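I opened the notebook to look up helices, salt bridges and pockets in one model. The entries follow in the order I made them.

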Amino acid sequence: MFAAHWVEGDPVGDRLFADLGPLDLTLGGSLPGVTLAYETWGALDAQASNAVLVLHALTGDSHVVGEPGPGHPTGGWWDDLIGPGRPLDTGEVFVVAANILGGCQGSTGPSTRGPDGRRLGSRFPRITVTDQVEAERRLADALGIPRWAAVLGGSMGGMRALEWAHTYPDRVGAALVLAVGAQATGDQIGTQSTQIAAITGDPLWNGGDFDDSAPERGPWRGMEIARRIAHLTYRSEQELQDRFANAPQDGEDPFAPVEPGRFAVQSYLDHQAGKLTRRFDPGTYVALSDAMNTWDVGRGRGGLEAALGSIEVPMVVAGVDSDRLYPLWQQEQIATAPGTVKGLRVISSPYGHDGFLIEHDQVFALAAETVALGLANRAGGGDVR
């Protein structure tokens with residue numbers, strides 16, 4: 001089996017699994033059964049009051065920290081965040097991270113095998129960020145966690161952190177909302193829809209019911225194109241110019257009259273595309289990109305201003321100064337709406353949107369601050385506003 005994603009029978013690694021029952025979905029339809037794969041660090045205290053939820057972005061998973069190995073194709077995406085003496089100190093907090101609903105690393109999604117042994121594919125219904133948070137709420141119930149001390153997320157994880165703060169204010173002590181907006185913009189929908197079109201336009205897509213048993217049988221070329229498009233939005237124009245400009249790739253000639261070689265930036269994007277196809281599912285990429293397109297915390301809640309203004313959970317809101325996918329005005333919109341935010345925090349980075357994954361010192365300090373805020377809120381001490 002080629003499958004780049006996790007499938008039942010693969011090594012489980014550090015994953016645990018929670019069966020959460022059937023789920024009715026926001027846009028109609030339902031899932032007869034939902035499973036979330038998750039990982040934990042530390043121990044839950046006797047009052048179940050020290051739990052922290054860490055939420056991953058589009059192509060992340062539950063493996064926040066740790067080495068790659070059997071069951072885990074990549075190492076931790078926020079490595080060094082969790083552990084003894086680290087910003088999320090496991091001597092003090094119990095940390096949970098789940099693979100998102102719709103994901104492909106152990107949670108129910110398009111790549112999940114149905115009772116007939118085939119991937120769900122086209123049978124997997126449309127999902128939203130609201131549905132994903134509902135699944136995470138059920139996971140909290142299953143783990144005996146009545147209230148998170150803090151919920152932390154960047155990019156698509158930031159969408160879910162904001163959704164948690166709005167929908168379940170009595171179950172969140174504090175939230176870190178990082179490098180994201182409160183609703184999808186025209187630019188984001190356009191970019192994400194183009195990525196979806198690259199995958200669904202691949203001749204091997206087959207409506208989502210493709211064969212993933214070999215690399216030549218699925219829409220991997222389409223996903224590689226999608227990843228190239230996405231990666232250009234993840235990095236800043238200045239960084240790409242400083243790193244690559246119009247330099248040729250070593251040993252290649254992009255000016256050759258026949259079979260020209262690549263520019264260095266093309267080689268870089270090819271590398272990023274190839275990495276993703278070794279660990280991710282095209283159907284999941286489509287389903288999660290579609291969920292990002294429909295993201296709007298104000299939908300059905302009186303509009304964006306009303307929804308943001310009603311949030312009572314203490315929040316730390318931050319953005320990256322060079323982010324062209326989720327520019328700072330979107331975080332400013334969130335930070336100035338609820339009375340629970342003490343201004344916008346700006347992460348300085350040349351790396352664009354990916355700064356939220358790269359600038360560990362700045363990001364981890366915000367994570368630790370959010371957790372401290374949530375723990376103080378739990379204890380009823382300190383000025384949480």
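**Entry 1: an arginine at the surface**

Is R86 buried or partly exposed? I am working from a predicted model. I looked up R86 and found a relative accessible area of 35%. Buried would need under 20% and exposed over 50%, so R86 is partly exposed.

I then checked what R86 pairs with. Its side chain meets that of D80 in a salt bridge, at 3.6 Å from N to O. D80 has 41% relative accessibility, so I put D80 down as partly exposed too.

**Entry 2: other salt bridges**

I counted the salt bridges next, and the structure holds 21. Side chains of opposite charge can pair when their charged atoms come close.

I looked at the pair R160 and E136, whose side chains meet at 2.8 Å, N to O. This salt bridge links distant parts of the chain: R160 sits in helix α2 (residues 156–167) and E136 in helix α1, 24 residues apart. R160 has a relative accessible area of 0%, so I noted R160 as buried. E136 is at 3% and therefore buried as well.

I also looked up R235 and E239. Their closest N and O atoms are 3.0 Å apart, in a salt bridge. Both R235 and E239 are buried. Beyond single pairs, I found a network in which salt bridges with shared partners join R171, D141, R138, R137 and E134.

**Entry 3: helix α1**

I went back to α1, which runs over residues 129–142. Its 14 residues should span 20 Å at 1.5 Å a residue, and I read 20 Å between its end C-alpha atoms, which agrees.

How many of the residues of α1 are buried? I found 10 of the 14, so the helix is largely enclosed by the rest of the structure. The buried set holds charged side chains, including D131, E134, E136 and R137. It also holds V129, V133, A135, L139 and A140, along with Q132. Just after the helix, I noted that G144 takes a positive phi of about 75°.

**Entry 4: helix α2**

I gave α2 the same check. It has 12 residues and reaches 16 Å from first C-alpha to last, close to the 16 Å expected at 1.5 Å a residue. Of those 12 residues, 11 are buried, and I wrote the helix down as mostly covered. Among the buried residues are M156, M159, L162, W164 and H166. R160, the partner of E136, is on that buried list too, as is E163.

**Entry 5: the largest pocket**

I looked up the pockets last. The largest holds about 740 Å³ of space. I found 33 residues lining it, with T59, R227, R279, D354 and L357 nearest its centre. The elements that give two or more residues to this lining are α3 (186–200), α4 (220–234), α6 (264–277) and α10 (355–358).

Which element gives the largest share of the lining? I found that α4 does, with four residues. Sorted by class, the lining has 16 polar, 11 nonpolar and six charged residues.

**Entry 6: the second largest pocket**

For the second largest pocket I noted about 490 Å³ of space. It is lined by 23 residues, and the closest to its centre are E8, S107, T108, T112 and R113. By class I recorded 10 nonpolar, 10 polar and three charged residues in this lining.

Technical notes: Residues are numbered from 1 along each chain as its sequence is written. This is a predicted model: local features need pLDDT of at least 70, side-chain atom pairs count only at pLDDT 80 or more; totals for chains, interfaces and linings use all residues. Side-chain values use heavy atoms; hydrogens and water are left out. The expected span of a helix is 1.5 Å times one less than its number of residues. Buried means under 20% relative accessible area, exposed over 50%, partly exposed in between (1.4 Å probe, protein chains only). On a 1 Å grid over the protein atoms alone, a cavity is a set of points where a 1.4 Å probe fits but cannot get out, and a pocket is an open set with protein on both sides within 12 Å along at least five of seven lines; lining residues have an atom within 4 Å of a point. Grid points are joined across faces, edges and corners, and a volume is the space filled by probe spheres set on the points. A salt bridge is a side-chain nitrogen of Lys or Arg within 4 Å of a carboxyl oxygen of Asp or Glu.
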